[in-house]
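Work through the exercises below with the sequence and the model open. Try each task before reading its solution.

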Amino acid sequence: MGKTFRASRLPAHGAEPGWAALLPARTPTPELDRAFSADVVIIGAGFAGLAAATRLTQLDPGLLVAVIDADVVGNGASGRNSGFLIDLPHDISSGNFGADAATKSRNEITVARTAIQLYAGLANENGWNRDILDPSGKYSVAMTNAGTEHLTTYSSKLKALGEPHQLLGAAEIAEVTGTRSFKSGLFTPGAVMVQPVALVRNIADLFQGSVRLFERTPALSIETSSSGCKVKTPKGEVTADKVILATNGHAESFGFGSGELLHVFTYASLTEPFEPSLLGGLRKWGATPAAPMGTTVRRINGPGGDRILIRSRYSYHPNIKVGAGSMKSAAKLHDRKFADRFPDHRYLKMQYRWAGAMALTYNTVPLFGELEDRIFSACACNGIGGTKATAAGIATAELVVGHRSPLGEIFQAFDKPQKLPPRPLVEVGARFNLKMREWRAGRE
């Protein structure tokens with residue numbers, strides 16, 4: 001007997017991300033306005049959905065794949081990313097070097113580098129320039145002595161894993177960033193920096209023939225039966241053998257992951273352009289903080305001048321929507337963080353501000369696999385969406401067609417998401433935990 005899963009809400013992304021504002025306006029593909037048949041329908045055209053579609057066509061070029069998205073490609077969570085494709089374990093404060101920790105770290109590296117390899121391959125095949133995807137590596141930076149200790153601990157972990165890196169003193173990191181506010185830094189060469197909106201748009205624009213993309217086409221319901229699935233949209237429907245959910249936290253909108261997903265937003269601000277000569281250092285670099293929940297900083301350059309991106313603040317929103325008060329609070333924090341790092345340039349104003357959603361689980365595992373007959377999930381990225389969501393999309397595509405790989409084995413070995421405590425406790429606990437972790441990060 002079939003089942004029906006109706007969407008209880010549709011995505012509400014809020015203000016346009018600055019990455020999109022820096023590009024020409026997108027002309028979206030036509031919305032679905034008829035009945036359409038495919039072998040696989042993917043709901044969501046972000047990192048996970050686009051990766052799943054790409055991998056499906058690599059594995060079986062004869063498959064007809066439909067991709068639908070409620071918005072325009074690049075306006076969702078993937079286009080709100082800070083543009084770091086990080087190839088190494090992200091918790092740089094961890095000092096656990098046991099066998100289990102080493103295996104976990106190597107699995108994380110496999111997950112991340114599989115995602116990066118997909119994008120690097122597409123960039124090479126299609127001649128994308130470094131404004132879209134730049135294999136430049138990244139920095140971690142410390143504002144305090146405690147942050148420097150974290151970087152030193154992380155360096156020891158990388159040495160144990162045999163991963164190349166370079167610790168930098170205050171003068172060396174100043175040569176990179178153009179400011180003497182940082183006490184130390186650590187460079188890792190394997191990370192890739194992207195313009196996230198340009199990246200997902202360029203992937204979407206590659207689709208033709210066996211992959212059909214329909215933008216501004218929200219999925220209203222999913223119906224399953226012994227003969228296949230039907231995804232209904234406002235003006236049409238897609239009939240397919242299988243469905244891939246690539247909607248991150250909005251899997252819960254269809255009833256999947258209910259009581260298992262934490263909906264957390266992070267925030268970014270991007271300065272007005274400035275003359276490159278006003279700030280020394282490199283014109284393009286990206287730096288993550290030495291402490292979890294700290295502040296990410298990135299410098300980008302373009303024809304209008306250079307800009308600085310600041311990303312900081314995490315907040316819990318179970319309705320998957322951010323209000324004006326949260327944006328205002330994040331904006332004040334960003335202004336303080338910017339002035340602390342670039343005191344001689346505090347006069348620069350923020351031109352763009354936006355928020356982006358993440359879906360977390362209590363035990364930090366993805367919502368992955370066949371959730372119902374014919375319905376597969378590549379959701380709950382648990383942060384670091386550029387690599388984790390992409391890898392989830394790849395692994396889900398492989399699962400759908402029965403292809404085995406080291407990545408797939410890692411994903412299939414994950415535990416299932418744990419149930420959260422009752423909602424009142426979750427709301428109090430999540431907000432308290434985020435505030436405490438932000439407080440502990442301090443200046444970082």
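The exercises go from a sheet and its helices to a buried strand, a hairpin, a helix pair and the cores; the model is a predicted one.

**Exercise 1. The open sheet**

Task: Give the strand order of the open sheet of 8 strands, and find which strands are at its edges.

Solution:
- Step 1. Trace the pairing across the sheet. The order is β8-β9-β7-β17-β18-β19-β16-β20.
- Step 2. Check the directions. The pairing is mixed.
- Step 3. Look for strands that pair on one side only. These are β8 (166-168) and β20 (350-361), the edge strands.
- Step 4. Add the twist. From one strand to the next it averages 25°.

**Exercise 2. A parallel pair and two helices**

Task: Determine how β7 and β17 run relative to each other, then state which strands α4 and α5 touch.

Solution:
- Step 1. Take strand β7 (residues 138-142) and strand β17 (residues 285-289). They run parallel and are joined by 3 bridges.
- Step 2. Pick one bridge. Y139 has A287 of β17 as its partner.
- Step 3. Turn to helix α4 (residues 145-161). This helix packs on the sheet and touches β7, β8 and β9 (184-188). The directions of α4 and β9 make about 25°.
- Step 4. Do likewise for helix α5 (residues 170-177). Its contacts on the sheet are with β7, β8, β9 and β17. Against β8, the direction of α5 makes about 95°.

**Exercise 3. Strand β16**

Task: Decide how many residues of β16 are buried, and assign them to the two faces.

Solution:
- Step 1. Count against the cut-off for buried, under 20% relative accessible area. In strand β16 (residues 261-271), 11 of 11 residues are buried.
- Step 2. Recall the rule for faces. In a regular strand, side chains alternate between the two faces of the sheet.
- Step 3. Split the strand. L261, H263, F265, Y267, S269 and T271 lie on one side. L262, V264, T266, A268 and L270 lie on the other. Both faces are covered.
- Step 4. Identify the partners. β16 pairs with β20 in the antiparallel sense over 11 bridges. Here A268 stands opposite W354.
- Step 5. Go to strand β19 (residues 305-316). It also runs antiparallel to β16, with 7 bridges. Y267 has S312 as its bridge partner in β19.

**Exercise 4. Strand β22 and its hairpin**

Task: Explain why β22 counts as largely enclosed, and describe the turn that joins β21 to β22.

Solution:
- Step 1. Count the buried residues. For β22 the count is 5 of 5, so the strand is largely enclosed by the rest of the structure.
- Step 2. Assign the faces. I375, S377 and C379 are buried on one side, F376 and A378 on the other.
- Step 3. Find the parallel partner. Strand β15 (residues 242-245) joins β22 through 3 bridges. V243 stands opposite I375.
- Step 4. Find the antiparallel partner. β21 pairs with β22 over 5 bridges. E372 also stands opposite I375.
- Step 5. Inspect the turn. The β21-β22 hairpin has 2 residues between its strands. R374 in this turn has a positive phi of about 80°, although it is not a glycine. At 16% relative accessibility, R374 is buried.
- Step 6. Move past β22. I384 lies in the loop between β22 and α8 (385-401). Its phi is positive too, about 50°. With a relative accessible area of 25%, I384 is partly exposed.

**Exercise 5. Helices α2 and α8**

Task: Classify the packing of α2 against α8 as roughly parallel or oblique.

Solution:
- Step 1. Choose the descriptors. Two packed helices are described by the angle between their axes and the distance between the axes.
- Step 2. Read the values. Helix α2 (residues 47-59) and α8 pack at about 40°, with axes 7 Å apart.
- Step 3. Apply the cut-off. Angles under 35 degrees count as roughly parallel. α2 and α8 are therefore oblique to each other.
- Step 4. Give the hand. The crossing is right-handed.
- Step 5. List contact residues. α2 contributes several, including F47, A51, R55 and L56. Those from α8 include G385, A389, G393, A397 and V401.

**Exercise 6. The nonpolar cores**

Task: Which residues have the most contacts inside the largest nonpolar core?

Solution:
- Step 1. Take the core of 51 residues. I42, L56 and L199 have the most contacts inside it.
- Step 2. Follow L56. Beyond four places in sequence, its contacts are V40, I42, L63, V65, I244, A397, V400 and V401.
- Step 3. Look for a separate core. Another one has 26 residues, among them A219, V231, A240 and L245.

Definitions and conventions. Residues numbered from 1 in each chain as written. Predicted model: local features only at pLDDT ≥ 70, side-chain atom pairs only at ≥ 80, totals over all residues. Heavy atoms only, no water. Pairing = 2+ DSSP bridges. Helix = DSSP H or I, 4+ residues; strand = E, 2+ residues; numbered from the N terminus. Axes fitted to C-alpha atoms, helices over the stretch in contact; angles between N-to-C directions. Contact = heavy atoms within 4.5 Å. Core = buried A, V, L, I, M, F, W, Y, C linked by side-chain atoms within 4.5 Å. Buried < 20%, exposed > 50% of the residue type's maximum accessible area, 1.4 Å probe, protein only. Parallel < 35°, antiparallel > 145°, perpendicular 65-115°, else oblique. Left-handed = near helix turned anticlockwise from the far one by under 90°.
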